[in-house]
Amino acid sequence: MTFLPVVERELRVAARRRGTYWSRMSAAILGWAVTAWVLIAAKDLGMETGALVFEVLAVVVFVYTALGGLLATADCLSEEKRDGTLGLLFLTDLKGYDVVFGKLASTSVKIICGVMAVAPALAVSIVLGAVTQGEIARVMLVAVNLLFFFLCAGLFASSLCRQDNRALGLAAILSICLLAGAPALARLSFFHFAHPDVGFIFSPAFGCFTAFDDFYDKFPHDWFWFNFLVTQILAWTLLTLACRIVPGSWQDAPARKTAPRRGLVKAKSIRGTTERKEVLAVNVFLWRATQPKMQRTLVWLALLAVAVLWFALDSFFPLHRFDVTKDLLMLLLGGVIIKVWLASESAASLSADRRNAALELLLTTPLPEAEILKGQRMALWRQFAEPAAALFLANIFLLMMEILALSPNAALSDERNLLVGLHLITALSLMVDMLTLSWVGVWQGLVMRKPNNAAMLSILEIMLIPYALFFGFYIMASNMTAPNWFSVLIFTNILGLASGFFFAQNAHTRLAEYFRYVVAVGVAPKFRRESEEESATPALEGAE
C-alpha cells in the first residue's frame, strides 16, 4: 500500500485545480500592490523605505498565515462528519493519520503557494536598503512555522467538533490561549519569576517579533530558535491528537449506561416543555432557531473573561484603575466578541437548514418568509440582548468613574465632553453593528455554502471596511504619520455607521425579495430585471 495515499491524491487534485494558481497569482499581485502603495505613500518620509515596506509586508504575511490557517482547516473534518462521508473512509485500510495528513495537504496548498508568492516582494526590500538577508529568511521561516501551527490547531478543533462555527470558535480560543497563555502566566506576581520574559519563548507569536533585527538583537539569539522548536512541538502535538481522535469521532455518541435520577429528568422535562410553549406562542420558527441555554451562557463567560482581563491589566502595566485607554479597549474587545459571535450564529442556522432541505420543506407550509426571518432575528435577540445590555451598563459605569477620576486642574468641560463622546460613539457603534450583522449574516449564510465563510464576509463588510477606508485615506493624506487613536475611534465608527446602514438595507431588501428563490435554487440570483423575468421559479413558488 502506498504511504499516505490520501496525501498523494489530494496533491494531484490540487495541482489540477485552477484555484491553486489563481491564489498564488492573487497573493503575488497583492504583495506588489502593497509594496507600490507603501512606496508612494512614504516618498516624502525621512525613514528608510526598505524597512517600512518590509515591515508592512511581513505583518500582512503573518496575519494571512494565522487567518488562512484557521479558516482552511477548521471545517475540513467536521464537514465530512456532517455529510456522513468520514466513516466511509475508515471502511478501507486507511488510518487516522492518512485522513488527517490528506486534509492537511489539500487545505494548505493554496496558502503555502500564497506565502511563497510574496517572498520576491519581500526580497525587494534588500535593494531599497535597511534590510538584511537574514531578516528576510527569518520572516519566511516564521511565516511557514506559524502557518503549520494554525493549520494543526484548526485540524485538532475540527476533529473534536461537528458544527463548523463551533470548530472555528474552538480553534480561535485554543490559538489565543497558546499564544498568550505562557507570557501572561510568567508575568503574574503569584509565580515570582526572576525573568518573566522567558515566557515569550513558549508563545508561537514571539517569532513574529524576533524575526526583525531590532528584536532579534534585543533578546538572546537562542531564544528565536527555542521558540521555533516549541512552536513545532505544539503543532505536532495537536496534529498527533487529531490523528488519534478522528477514527472514533465520526460515530454518534453512545447511549448512557446509567440513567440519571428520575427527579432530574422530570424537572428538566418540565422546564423544557414550559419554555417550548412560551416560544411557540410567540413565533414558530423561533422555537427552531433558539439556542440552548448553554450557548447563551458561553457568551456571558466570554464577557466575564474580558472583565477578568480588565482587572488583570493592572498587574502587567502601571495603569490607573479607570484609565480611559484601558477602559475603551476592553469595551471594544467585548463588543468585537459579541459581534463576531452574532455573525457566526446568524449565518449558521439558516445555512444548515438550507443544506439539509429543512427550509425547502418549511416553505411548503403556510408559514410566510417574513415570519421565518422574524423568528431568526428574535432568536438572536434572546441570545445576545442581555450580554449587549450588560456591556452598555459597563460603558456607563466606566464613563462615570472616569469623569470622577479627572484631575481638578484639567479643563473639566473639554475632558468631560471628550469622554462622553468616546463612550457614546462606542455604544452607538455596538448597537448599529449588531443590528446590521443580524441582517447581513442571515443573508450571507443563506447564499453561501459554508457558514464560516459567510460569517467572515459579514465581519469584513461591517467591521473591517471602515478601518481600511480610514487608514487608506489617512495615510495617503498625511504621509503615514501616526494618527491619534481617539480620532481613529471616532471617524472609523462614523464610517461604520454609514456603511452599516448601506449593507443592512441591502441585505434586508434581498431577503425580502429573493428568500424563496435562494432556498429553491440554492444560489443567489443575478439582481437584474431581465434575469428576474426570464428565470422560472421552481415548484416552491406555488406553495403559497
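**Helix packing and nonpolar cores in the predicted model**

Helix α6 (residues 96-128) packs against helix α7 (residues 133-160) at an angle of about 160 degrees, and their axes lie 10 Å apart. The angle makes α6 roughly antiparallel to α7 (over 145 degrees on a scale that runs from 0 to 180). The structure is a predicted model, in which local features need pLDDT of at least 70, side-chain atom pairs count only at pLDDT 80 or more, and totals for chains, interfaces and linings use all residues. Residues are numbered from 1 along each chain as its sequence is written, and side-chain values use heavy atoms, with hydrogens and water left out.

Where do α6 and α7 meet? Among the residues in contact (heavy atoms within 4.5 Å) are V100, L104, I111 and V115 in α6, and I136, V139, M140 and A143 in α7. The residues of this contact divide into 19 nonpolar, two polar and one charged.

The largest nonpolar core (buried nonpolar residues joined through side-chain atoms within 4.5 Å) has 56 residues, and those with the most contacts inside it include F54, F62, V100 and V139. Helix α7 gives the most to this core, with 16 residues. Leaving aside neighbours within four places in sequence, F62 is in contact with V139, V142, A143, L146, C208 and F212. A second, separate core of 49 residues includes M330, F384, A507 and Y514.

Turning to helix α18 (residues 412-447), Q444 is found here. Q444 counts as buried because its relative accessibility is 10% (the cut-off is under 20%, with a 1.4 Å probe). Beyond its neighbours within four places in sequence, Q444 is in contact with A454, L457, S458 and E461.

Definitions and conventions
Helix = DSSP H or I, 4+ residues; strand = E, 2+ residues; numbered from the N terminus. Parallel < 35°, antiparallel > 145°, perpendicular 65-115°, else oblique. Nonpolar A, V, L, I, M, F, W, Y, C, P; charged D, E, K, R; others polar. Buried < 20%, exposed > 50% of the residue type's maximum accessible area, 1.4 Å probe, protein only.
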